[in-house]
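Student: Please pick one strand in this model and walk me through it closely. I want its packing, its charged partners and the turns beside it.

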Amino acid sequence: MYIFFTYQCSVIFHCNEHSDLSRALAQIRDVIAAVDLSVSKYERGQELQEVLARLENKSFAKLKNGKVFRKQELRSQHRVLQHKGLVYWKTATGRLKDILALLLTDVLVFLQEKDQRFVFAAVDQKPPVIPLQKLIVREVANEERGMFLISASSVGPEMYEIHTATREERNAWMRHIRQAVERCEEEERSAESEEARRAAEARVQKIHKFQGQKHV
């Protein structure tokens, strides 16, 4: 009986010890993941600053809605660099233009190098700044390194044909863009829900105020 009790206590002790160790390992993994995320975010921030340092101050982009997008707007705190790389923008004549693409929190930006500086890309009079809202990404048929970017904006649809050096790069860009679009749409839905909630609360307050005035 004593031996069985001792064995049972030993099993419980080891189980508790194993559970504590598992929790500690899980916490360590969480800390490492958080540190990696912070380092990655810092590095992307540095990469964006390096690009902005080479972007001409007077360069600007004309958007589809008629607004002007300037360098200063890339410094906005809510715009975080998600992905960056060299791609090729296919023109209406079939030529491929070297482009530096910046995928930010809510926009995709195309830049061109000019005299060792960067300017907003000017290709086929299409806006070089694409909002991620209602942005669709599709593969180009029979072209493993090409993708279509279709901006289904209410101010007018626009399509871009973008190529990469390899199929793997094309797939990576498509994945990053789709993830960014999904996050952007989720934030937009959340903002709309919050706005609807505040509007409902305001209506309730007005009703209560009206009812209070009636009882006076």
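Tutor: Here is one strand, followed from its core contacts to its flanking loops.

The model is predicted; local features need pLDDT of at least 70, side-chain atom pairs count only at pLDDT 80 or more, and totals for chains, interfaces and linings use all residues. Residues are numbered from 1 along each chain as its sequence is written, and side-chain values use heavy atoms, with hydrogens and water left out.

The strand is β5, residues 107–114. Helices and strands are DSSP runs numbered from the N terminus (H or I, at least four residues; E, at least two).

Start with the packing. β5 supplies at least two residues of the largest nonpolar core, which holds 23 residues. Such a core is a set of buried Ala, Val, Leu, Ile, Met, Phe, Trp, Tyr and Cys residues joined through side-chain atoms within 4.5 Å. Buried means under 20% relative accessible area, exposed over 50%, and partly exposed in between (1.4 Å probe, protein chains only). L108, F110, L149 and I177 have the most contacts inside the core. Strands β3, β4, β8, β9 and β10 also give at least two residues each, as does helix α2 (167–215). The largest share, six residues, comes from α2.

Now L108. Leaving out residues up to four places away in sequence, L108 touches L102, L103, P128, V129, I130, L132, L149, W173 and I177. Contact here means heavy atoms within 4.5 Å. Another core, of 17 residues, lies apart from this one. Its members include L74, L100, L102 and F120.

Next, the charges. Side chains of opposite charge can pair when their charged atoms come close. The structure holds five salt bridges, each a side-chain nitrogen of Lys or Arg within 4 Å of a carboxyl oxygen of Asp or Glu.

One of them involves E113 of β5. Its side chain meets that of R54, N to O at 2.8 Å. R54 sits in helix α1 (residues 2–54), so this pair links parts of the chain 59 residues apart. E113 is exposed at 53% relative accessible area. R54 counts as partly exposed at 31%.

A second bridge starts in the loop between β4 and β5. There, D106 pairs with R79, the closest N and O atoms being 2.8 Å apart. R79 lies in the loop between β2 (68–70) and β3, so the bridge ties together parts 27 residues apart in sequence. Both D106 and R79 are buried.

Move to the loop between β5 and β6. D115 belongs to this loop, and so does Q116. D115 has phi near 55°, a positive value in a residue other than glycine. Q116 is not a glycine either, and its phi is positive at about 65°. D115 is exposed, with 69% relative accessible area. Q116 is exposed too, at 65%.

Strand β6 (residues 117–120) holds R117. The side chain of R117 meets that of E56 in a salt bridge, 3.6 Å from N to O. E56 lies in the loop between α1 and β1 (60–62), so the pair ties together parts that are 61 residues apart in sequence. R117 is partly exposed at 27%. E56 is also partly exposed, at 33%.

To recap: L108 is a core residue, E113 pairs with R54, and D115 and Q116 lie in the loop between β5 and β6.
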